[in-house]
Amino acid sequence: MTVTITASAVLAGGLFTGQAYAAPPTPSITAQGGFVMNNGTGTTLFGKAADTRRSTGSTTKIMTAKVVLAQRGLNLDSKVTIQKAYSDYIVSKNASSARLIVGDKVTVRQLLYGLMLPSGCDAAYALADKFGTGTTRAARIKSFIGKMNTEARNLGMRNTHFDSFDGISNGSNYSTPRDLTKLASSAMKNSTFRTVVKTKSTKQKVTTKTGGYRYMSWTNTNKLLSTYSGAIGVKTGSGPQAKYCLVFAATRGSKTVIGAVLASSSETNRAADVKKLLDYGFAR
């Protein structure tokens with residue numbers, strides 16, 4: 001009897017152990033494209049049309065920030081004077097804005113917050129103008145976008161091309177879920193980038209044209225930071241062509257899962273897709 005019970009117990013233990021480590025079912029997402037990987041090992045965990053080129057919306061700004069942070073001798077506290085051209089641009093494009101005020105002097109660090117939290121296209125313009133090279137604004141913008149494409153090639157982003165500093169496409173601004181995940185994984189190695197993209201909201205003191213100061217308050221468009229345990233970034237995107245996109249990352253214990261969804265049909269579906277993919281990534 002003792003032997004039988006022991007054998008049954010061993011069999012039962014084996015059965016339960018097998019169930020505990022059974023692979024979770026592959027999730028189904030509504031987004032047209034998606035990709036997830038283990039950020040520590042680089043192992044692919046999920047893919048759906050992972051290499052299909054699509055419009056990326058403001059997830060483009062991940063590369064804008066990366067190019068800025070890669071500048072040699074970068075001084076994050078150097079100040080940039082906000083030009084009327086930046087304000088005119090967001091009005092003409094009906095673009096998302098950090099509500100920067102002409103004449104204010106804003107630090108590069110503050111512009112990164114304005115770029116990544118409220119997704120300010122004015123902040124993107126200011127950074128491109130500051131860190132591009134050339135004697136005219138047009139030349140500097142062209143130069144900066146060139147740096148974005150050079151960085152994409154260096155990262156092996158074979159299905160990516162940028163024609164803007166903010167994702168407002170001029171006809172050939174595209175990437176893929178796999179490429180954007182690769183970009184985010186590289187960008188997250190920078191401590192300043194990590195700090196900015198995990199920030200839910202911030203209040204920044206900027207210098208006015210007259211030498212006084214004002215406070216700018218910015219809230220992150222990435223609601224995942226408040227709704228998913230362990231979320232640490234990265235960037236939302238949306239637009240008529242792009243629909244609803246999100247490059248995302250979360251850490252639980254020693255594991256970080258990172259990925260992207262492109263062309264979700266709504267904010268609600270985007271959130272549901274990302275939660276499914278993160279849950280799946282952590283269960284793998």
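**Helix H10, its charged residues and the cysteines**

In helix H10, the buried residues are Arg 270, Asp 273, Val 274, Leu 277, Leu 278, Tyr 280, Gly 281 and Phe 282. This comes from a predicted model, so everything here was computed from its atoms. The helix runs over residues 267–283. With 17 residues, H10 stretches 24 Å from its first C-alpha to its last, close to the 24 Å expected at 1.5 Å a residue. What sits over those buried residues? The cover includes strand S1 (33–38), strand S2 (44–48) and helix H9 (224–227), along with strands S7 (231–239), S8 (243–252) and S9 (255–264).

Asp 273 deserves a second look. Although buried, Asp 273 has no salt bridge. The nearest side chain of opposite charge belongs to Lys 276, and it is 4.9 Å away. A salt bridge needs a side-chain nitrogen within 4 Å of a carboxyl oxygen, so at 4.9 Å Lys 276 does not make one with Asp 273. Setting aside residues up to four places away in sequence, Asp 273 touches Ile 29, Thr 30, Ala 31, Val 261 and Ser 264.

Other charged residues of H10 do find partners. In general, side chains of opposite charge can pair when their charged atoms come close. Arg 270 and Glu 267 meet in a salt bridge, at 3.9 Å from N to O. These two are three residues apart in H10, which means that about one helical turn separates them. Arg 270 is buried, with a relative accessible area of 9%, whereas Glu 267 is partly exposed at 41%. A second pair in H10 is Asp 279 and Lys 275, whose closest N and O atoms are 3.0 Å apart in a salt bridge. Here the spacing is four residues, again about one helical turn. Both partners count as partly exposed: Asp 279 has a relative accessible area of 31%, and Lys 275 comes in at 44%.

How many salt bridges turn up in the whole structure? The search finds 10. One of them joins the side chains of Arg 214 and Asp 104, at 2.8 Å from N to O. Arg 214 is in strand S6 (residues 213–219), while Asp 104 is in the loop between helix H3 (84–93) and strand S4 (105–107), so this pair ties together parts that are 110 residues apart in sequence. Is Asp 104 buried or exposed? Asp 104 is buried, at 2% relative accessibility, while Arg 214 is partly exposed at 27%. Elsewhere, Asp 129, Arg 137 and Arg 140 are linked in a network of salt bridges.

Back at strand S1, part of the cover over H10, there is Asn 38. Asn 38 counts as buried, with 15% relative accessibility. Leaving out neighbours within four places in sequence, Asn 38 is in contact with Thr 43, Leu 45, Lys 255 and Thr 256.

Finally, the cysteines. A disulfide is a covalent bond between the sulfur atoms of two cysteines. How many disulfides does the structure hold? Zero. Why does Cys 121 have no such bond? The closest cysteine sulfur to that of Cys 121 is in Cys 245, and at 14 Å it is too far for a bond. The view from Cys 245 matches: the closest cysteine sulfur is in Cys 121, 14 Å away. Cys 121 is buried, at 2% relative accessibility, and Cys 245 is buried too, at 0%.

Key
Residues numbered from 1 in each chain as written. Predicted model: local features only at pLDDT ≥ 70, side-chain atom pairs only at ≥ 80, totals over all residues. Heavy atoms only, no water. Disulfide = S-S within 2.5 Å. Buried < 20%, exposed > 50% of the residue type's maximum accessible area, 1.4 Å probe, protein only. Lys, Arg positive; Asp, Glu negative; His and termini not counted. Contact = heavy atoms within 4.5 Å. Expected span 1.5 Å × (residues − 1).
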